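Dear colleague,

I am handing over the structure below, and after it I set out what was found when going through it. Please read the notes with the structure open beside them.

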Amino acid sequence: MSLLTIILLAVGLAMDCFAVSVCKGLTSPHGYVPRYIKPLLMALLFGVFHAGMPLIGYFAGSLFASFFERFAPWIALVLLGFIGGKMIYDSLKEDNQEAHLADFSLLSLLSLAFATSMDTLATGVIFIPHPEVLWLAVGVIALTCFLFSFTGFVIGHLVGARLRMNVTILGGAILILIGVKIFVEGILCS
């Protein structure tokens, strides 16, 4: 397996993280925490989950991969649908700072990191015939996901600062659509 193949795989896996990070950046309240802490925390969590899932997939091998592969689309749909729905619900309630801050809790970020990394679980199996590139691939996937997540959050944050509307509804809808996309792709590919 070539380095170019690994990089292309990593970019493909990081796209959901980029989209989710843009959404979180859009809804990020300004002035609450220094701007660099949230994108770094999100990018770090997304990168760690995207590094861990292929390792789990690799070591679990074909025995458990088929189980996770079968249920990963459902898990992503439920998690992203719930988080997106909660964002929309909270934005329709009284528009106060506390409702927005709940969207950036550690639990919320961990749920997003887990949901967006479900597709990387199955990719671990493709490294079984290529154990010599496993650690290189995990590093490239984690770094790519980290960079895409950080960049997506910053882009969303900058765009959100320019918009004078409640973008939480848009962010929530996008998260739900990403969950549906992962679900449909997972169902069609199985």
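Helices here are DSSP runs of H or I with at least four residues, numbered from the N terminus, and on that footing Ser 149 lies in helix H5, which covers residues 134-162. Please bear in mind that the model is a predicted one.

Ser 149 has a relative accessibility of 0% and therefore counts as buried; setting aside neighbours within four places in sequence, its contacts are Cys 17, Ser 21, Ala 43 and Phe 46.

Helix H1 takes in residues 3-26, and because each of its 24 residues should add 1.5 Å, a span of 34 Å is expected, with which the 33 Å between its end C-alpha atoms agrees. H1 nevertheless has a kink of about 35 degrees, centred on Ala 14.

The structure holds 1 salt bridge, in which the side chains of Lys 181 and Asp 16 meet at 3.0 Å, N to O. Since Lys 181 belongs to helix H6 (residues 168-189) and Asp 16 to helix H1, the pair ties together parts that are 165 residues apart in sequence. Of the two partners, Lys 181 is partly exposed, at 35% relative accessible area, whereas Asp 16, at 7%, counts as buried.

Finally, Ala 76 is placed in helix H2 (residues 37-92) and is buried, its relative accessible area being 0%. Residues up to four places away in sequence not being counted, Ala 76 touches Gly 81, Ala 115, Gly 179 and Ile 182, while its C-alpha atom is separated by 8.9 Å from that of Leu 112, 36 residues apart along the chain.

With best regards

How values were computed:
Residues are numbered from 1 along each chain as its sequence is written. This is a predicted model: local features need pLDDT of at least 70, side-chain atom pairs count only at pLDDT 80 or more; totals for chains, interfaces and linings use all residues. Side-chain values use heavy atoms; hydrogens and water are left out. Helices (H or I, at least four residues) and strands (E, at least two) are DSSP runs, numbered from the N terminus. The expected span of a helix is 1.5 Å times one less than its number of residues. The bend at a residue is the angle between axes fitted to the seven residues ending there and the seven starting there. Buried means under 20% relative accessible area, exposed over 50%, partly exposed in between (1.4 Å probe, protein chains only). Contact means heavy atoms within 4.5 Å. A salt bridge is a side-chain nitrogen of Lys or Arg within 4 Å of a carboxyl oxygen of Asp or Glu.
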